[in-house]
Structure formats: C-alpha cells, structure tokens
Amino acid sequence: MKKSLIAAAAISMSAAMLTACGSDSNASDDDTITMGFSQVGAESGWRTANTASIQASAKEAGIDLKFADAQQKQENQIKAIRSYIQQKVDVIAFSPVVESGWDTVLQEAKRAGIPVILTDRAVDSDDTSLYETFLGSDFVLEGEKAGEWLVANAADADVDGDGTIKVVQLEGTTGAAPAIDRADGFATAIAADPSIEVTASQTGDFTRDGGKQVMESFLNSVQGIDVVFAHNDDMGLGAIEAIEAAGLVPGKDIKIITIDAVKDGMQALVDGKINFIVECNPLLGPQLMELAKKVLAGEEVPKRVVTDETTFTQEEAAAVLADRQY
Ligand code: AHR
C-alpha cells in the first residue's frame with residue numbers, strides 16, 4: 001500500500017488535472033507515505049498560498065504527494081478521490097469545494113481502508129466516521145469577527161449619515177462551507193445593531209473577477225451602499241476596482257471588510273482601500289502532514305483541529321506587511 005504501483009494508464013483523469021508533486025513515487029522506498037490531495041482550484045491568493053504550503057510541507061515531511069486541481073468543480077474532486085482509491089494511496093486529503101454530496105465517494109474510500117482527512121473546508125455528512133479529522137478555520141467565527149467590527153464602528157460606517165448602514169455582501173462559492181458559515185456568523189453579529197442591514201447579497205465565487213462584476217451590478221442597482229462585506233480578499237479587491245471605476249473612493253465613500261489577509265489584501269488595508277480584515281490562515285501544510293503521519297501510525301487525533309487566527313486594522317496590517325509570507 002505504501003508504494004504507488006498502479007499504472008498511470010489506469011487513472012481516468014487527464015494529465016493536466018492530476019499531477020504528482022513532491023518526491024517521485026518510483027523513487028520511494030516501501031515506507032514512503034503516499035497522499036492523494038484534491039484541491040479546490042486556484043481561485044484566490046489564499047488558495048495559491050494553501051497549495052504552496054501543502055506541496056512544500058509534503059516534500060519536507062518526505063510524503064509522496066499526488067495533487068489534483070479540481071478547478072472549483074465537485075465532479076473533478078470526486079474523480080480525483082476515486083483515482084486515489086484506485087491507486088491505493090495511503091491517505092486521502094481534500095478541501096471540499098461544496099459541503100454536501102460526499103457520502104458515496106467517502107464510503108468508497110472507507111471500504112478501501114483509506115483514511116480521509118478534511119482540510120480547510122468541512123463536509124455536511126452525518127456520518128463522521130467517513131473522515132479521521134477536519135483541519136481548518138472556524139468560518140462562523142470569522143464572519144462574527146467581521147460583523148462585530150462593523151457593530152463597533154457603526155457610526156463611522158454610516159457613510160451617508162442616513163441612520164441606516166446598508167451592507168452589500170459578496171458571497172463565496174454557493175454551497176461552500178466558508179460562504180455559508182461566514183454569512184451566518186456575520187448575520188448573528190450584526191443583529192446586535194438594528195441600523196445595520198444586508199441589503200443585497202450575491203456570489204462572486206471567491207474570485208477577483210467575480211467580486212468586480214457583482215459589485216458593478218450592486219452599484220447600478222442599490223442606492224446608498226455604505227459597506228461591502230466580501231467573503232475573501234480577492235472579491236474585495238475586485239470590488240475596489242468597480243468602486244474606483246464608478247468614481248468613488250473605496251475605504252471612504254464605501255467601507256470594505258474582507259476575510260483572508262493575503263498580501264494584496266493587506267496592502268489595500270494599509271493603503272486605506274479596505275477598512276478591516278479577518279485573517280484566514282492558509283498555511284495548513286505542516287499540520288496536515290503531521291496529522292497524516294499520526295493517523296497512519298494508528299495514533300489518536302482530535303476530530304477537529306481549529307486554525308489559530310487574528311484580525312487586522314490598518315495600523316496592525318502596516319506593522320506586519322513586510323514579513324507577510326503570502
Ligand atoms: O476555504 C477558504 C476560502 O477559500 C478562502 O477564504 C478563499 O480565499 C478561498 O478561495
């Protein structure tokens with residue numbers, strides 16, 4: 001099992017979608033752990049940093065990583081997981097693009113005796129025996145932190161001074177855990193101040209382009225927008241482009257709150273174009289490799305491992321920007 005012996009010809013995925021990273025499996029000795037990893041895609045700066053962390057950590061840990069980019073499609077992730085089962089990898093890890101619809105393929109992995117580790121995003125299955133552990137952020141908490149900042153800064157956020165704070169929300173991918181949970185957490189926090197209302201909410205698919213396009217349509221259809229709450233930095237950066245193109249000043253005429261804290265987002269915060277960022281840490285690779293080794297050694301691991309995260313104001317971002325890894 002520890003060595004990938006199934007010929008590439010047996011794998012139905014295209015070479016472009018499925019590439020081996022880390023050490024060469026042909027050069028592995030029998031004790032080398034093989035991990036099949038199905039990534040969501042390359043939709044954001046966060047995702048790029050997450051992929052780099054996983055690839056570098058696998059190499060560092062001496063784990064033979066088989067990596068597939070699903071291009072934000074669940075069917076591609078299911079195909080990748082099935083190919084990893086066929087290849088008899090030692091462990092499968094993946095970041096599910098959406099929450100639901102995983103039971104069948106996870107049961108196939110379980111029947112094959114291959115442990116599964118969820119990273120970054122959760123699945124909504126009732127059967128928690130289908131995975132060993134879930135490593136990632138608390139997305140509800142992230143949404144709450146964004147909403148709490150807005151409640152605390154409500155007076156300043158009422159840009160047009162009409163007593164109502166109109167928020168437009170740029171949602172992440174429909175059905176994805178971070179989109180669902182961040183919206184929920186934000187709604188819970190802003191319920192503390194009845195003058196704050198989410199006037200419009202639409203998906204920008206976690207991409208810069210998506211954020212720009214949705215913001216353009218909000219600017220045309222919603223009067224008196226005070227605040228943008230974007231579920232990630234990339235959509236917030238796209239919104240900045242749309243706001244500037246409309247002749248408005250991001251961060252002043254319209255306040256902007258985002259989640260992630262990647263370098264581009266932090267730079268925009270330092271520049272005053274974003275007003276507040278909630279961190280979502282993409283550097284999950286080292287913990288993932290450690291968990292995989294423990295699971296395969298038969299050691300007990302916690303069912304949930306929550307990532308440590310913080311928040312950034314403009315001053316706080318300025319203090320750390322130069323040393324930001326991603
Ligand atoms: O699942 C984490 C989210 O996915 C990040 O916030 C976002 O940037 C990414 O695309």
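How far does a polar side-chain atom of Asp260 lie from an oxygen atom of the ligand? The distance is 2.6 Å. The model is predicted: local features need pLDDT of at least 70 and side-chain atom pairs count only at pLDDT 80 or more, whereas totals for chains, interfaces and linings use all residues. Residues are numbered from 1 along each chain as its sequence is written, and side-chain values use heavy atoms, with hydrogens and water left out.

Besides Asp260, the residues around the ligand (a heavy atom within 4 Å) include Trp46, Phe139, Arg182 and Asn232. An N or O atom in the side chain of Glu43 is 2.5 Å from an oxygen atom of the ligand. For the side chain of Arg121, the corresponding distance is 2.8 Å. On its own the ligand has 280 Å² of accessible area (Shrake-Rupley method, 1.4 Å probe), of which the protein covers 100%.

Six strands (DSSP runs of E, at least two residues, numbered from the N terminus) form an open sheet with mixed pairing, in the order β8-β7-β9-β10-β11-β13. Two strands pair if DSSP finds at least two bridges between them. The edge strands, β8 (196-203) and β13 (311-312), each pair on one side only. Strands β9 (residues 227-230) and β10 (residues 255-260) are parallel and share 3 bridges; Val228 stands opposite Ile256 in β10. Helix α8 (residues 233-245; helices are DSSP runs of H or I, at least four residues) packs on the sheet and touches β7 (165-171), β9, β10 and β11 (276-279). Contact here means heavy atoms within 4.5 Å. The direction of α8 makes about 155 degrees with that of β10, with axes fitted to C-alpha atoms, for helices over the stretch in contact, and angles running from 0 to 180 degrees between N-to-C directions.

Strand β6 (residues 133-136) is covered on both faces, with Thr133 and Leu135 buried on one side and Phe134 and Gly136 buried on the other. Buried denotes under 20% relative accessible area (1.4 Å probe, protein chains only). Strand β6 pairs in the parallel sense with β5 (residues 116-119) over 3 bridges, and Thr119 stands opposite Leu135. A further 3 bridges join β6 to β12 (residues 304-306), also parallel, where Arg304 is the bridge partner of Phe134.

Ser125 lies in the loop between β5 and β6 and counts as buried because its relative accessibility is 12%. The side chains of Ser125 and Asp103 are joined by a polar contact of 2.9 Å.

Methods: Polar contact = N/O pair within 3.5 Å; in protein donor to acceptor, adjacent residues only side chain to side chain. Buried < 20%, exposed > 50% of the residue type's maximum accessible area, 1.4 Å probe, protein only.
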